[in-house]
Amino acid sequence: MKKAIGIIGARGHTGAELVRLVAAHPALGLAFVSSRELDGQRVDAHVAGFEGELRYENLDPAAVAGRAVDAVVLAMPNGKAGGFVAAIDEAAPRTVIVDLSADHRFDDGWYYGLPELTRGRYRGECRISNPGCYATAMQLAIAPMLGELCGPVQCFGVSGYSGAGTTPSDRNDPALLHDNLMPYALAGHIHEREAARQLGAPVEFMPHVAAHFRGITLTANLHLRDPARIETVWARYRERYAGEPLVEVLDDAPWVSRIAGRHGAQIGGFALAADGRRLVVVATLDNLLKGAATQAMQNLNLALGFGEFESIPL
């Protein structure tokens with residue numbers, strides 16, 4: 001029998017990607033998808049490639065908690081998860097919850113699910129916080145050099161406008177973004193704090209949004225305690241991500257246009273300053289996939305006892 005999954009906040013870009021991933025899973029079934037705006041409409045009218053009679057519903061926390069499902073994915077904006085978590089905690093505490101918002105990324109009672117870096121810490125928790133898209137790129141780019149750093153890591157990020165969600169704003173208006181690069185939240189961005197907390201190292205992050213729809217480019221500037229050789233750097237990254245099918249280490253700098261629509265991350269473009277003590281690394285990923293839905297599927301698979309990459313095209 002298939003395990004039953006519900007998705008809350010399924011109207012957004014990430015929700016659509018999750019619908020497709022769950023529908024492709026041989027051992028999971030979509031029990032419900034909740035969207036206030038699309039209540040009553042057929043899912044296949046909004047999610048390309050989805051087949052079936054399923055319709056969107058508008059479910060409040062009590063209704064969600066009353067559904068007999070194995071897992072619930074919360075794909076809502078920050079600050080909206082609390083009521084659903086409380087209701088499920090009371091009615092069905094063994095239900096797996098994967099929260100895609102930032103609401104529980106700083107809660108030590110929740111497992112922080114960036115599997116390539118944290119799967120060794122998973123102890124069967126039913127409450128899983130999905131990392132942020134930029135925070136995923138930052139951590140993957142920096143993690144192999146932890147222990148070699150001297151001072152904060154500076155990260156310059158550019159995202160496609162799908163990262164700003166579906167609610168209209170300057171940051172997802174193609175007309176305003178045309179021939180433009182829009183900076184925002186240049187100090188204290190929540191993904192800056194998230195990455196620094198998880199890495200245990202200071203990070204300084206400057207995000208921007210561009211006119212492309214999907215995909216993140218993250219350039220990290222790392223100051224090193226001791227001089228390094230480029231061959232040693234390459235070896236560290238290749239060794240750290242050996243056997244990780246969703247992380248590809250390249251010689252050249254990865255292009256965001258080549259990662260859009262793909263489920264993993266690419267890291268490359270390694271450059272050292274003449275003194276060997278400043279390293280620049282470039283990471284790319286699709287913010288809707290490895291930055292959100294694909295990572296949620298990895299976490300669901302781990303929590304429900306399936307192979308981590310089930311239903312994820314490799």
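A residue is called buried when its relative accessible area is under 20%, exposed when that area is over 50%, and partly exposed in between (1.4 Å probe, protein chains only). With that rule, 53% of the 314 residues of the chain count as buried.

Before you start clicking, a word on what you have loaded. This is a predicted model, in which local features need pLDDT of at least 70 and side-chain atom pairs count only at pLDDT 80 or more, while totals for chains, interfaces and linings use all residues. Residues are numbered from 1 along each chain as its sequence is written, and side-chain values use heavy atoms, with hydrogens and water left out.

**Stop 1: the whole chain**

Show the C-alpha trace first. Along the principal axes, the C-alpha atoms fill a box of roughly 60 × 45 × 30 Å. The radius of gyration (over C-alpha atoms) is 19 Å, which agrees with the value near 20 Å for a compact globule of 314 residues; the globule rule is 2.2 Å times the number of residues to the power 0.38.

Now turn on the cartoon: you should find nine helices and 14 strands. These are DSSP runs, helices (H or I) of at least four residues and strands (E) of at least two, numbered from the N terminus.

Contact means heavy atoms within 4.5 Å. Of the contacts in the chain with a separation of 6 or more, 69% are between residues 24 or more positions apart.

If you colour by charge, look for 29 positive and 35 negative side chains, with the centres of the two sets 2 Å apart. Here Lys and Arg count as positive and Asp and Glu as negative, leaving out His and the chain ends, and each charge is placed at NZ of Lys, CZ of Arg, CG of Asp or CD of Glu.

**Stop 2: the parallel sheet**

Two strands pair if DSSP finds at least two bridges between them. Select the open sheet of seven strands with parallel pairing, in the order E3-E2-E1-E4-E5-E7-E6. Strand E3 (56-57) and strand E6 (111-112) are at its edges, each with a single partner strand, so one side of each has no neighbour in the sheet.

Zoom in on strand E5 (residues 96-99). Val 96 and Val 98 on one side are buried, and so are Ile 97 and Asp 99 on the other. Strand E4 (residues 71-74) runs parallel to E5 and is joined to it by four bridges, with Val 72 partnered by Ile 97. Three bridges link E5 to strand E7 (residues 127-129), also in parallel, and Ile 97 has Arg 127 as its bridge partner there.

**Stop 3: helix H1**

Select residues 13-23, helix H1, where eight of 11 residues are buried. Among them are Leu 18, Val 19, Leu 21 and Val 22. Their cover includes strand E1 (3-8), strand E2 (28-34), E4 and helix H9 (289-304).

**Stop 4: the mixed sheet**

Move on to the open sheet of seven strands ordered E9-E10-E8-E11-E14-E13-E12, where the pairing is mixed. Strand E9 (182-183) and strand E12 (247-249) are the edge strands, pairing on one side only. E12 pairs with strand E13 (residues 265-272) in the parallel sense over three bridges, and Glu 248 has Gln 266 as its bridge partner.

**Stop 5: Val 209**

Finish in strand E10 (residues 203-209), which holds Val 209. Val 209 is buried, with a relative accessible area of 3%. Beyond its neighbours within four places in sequence, Val 209 has contacts that include Tyr 161, Arg 171, Leu 177 and Met 182. For a last distance, pick the C-alpha atoms of Val 209 and Arg 236: they are 27 residues apart along the chain and separated by 31 Å.
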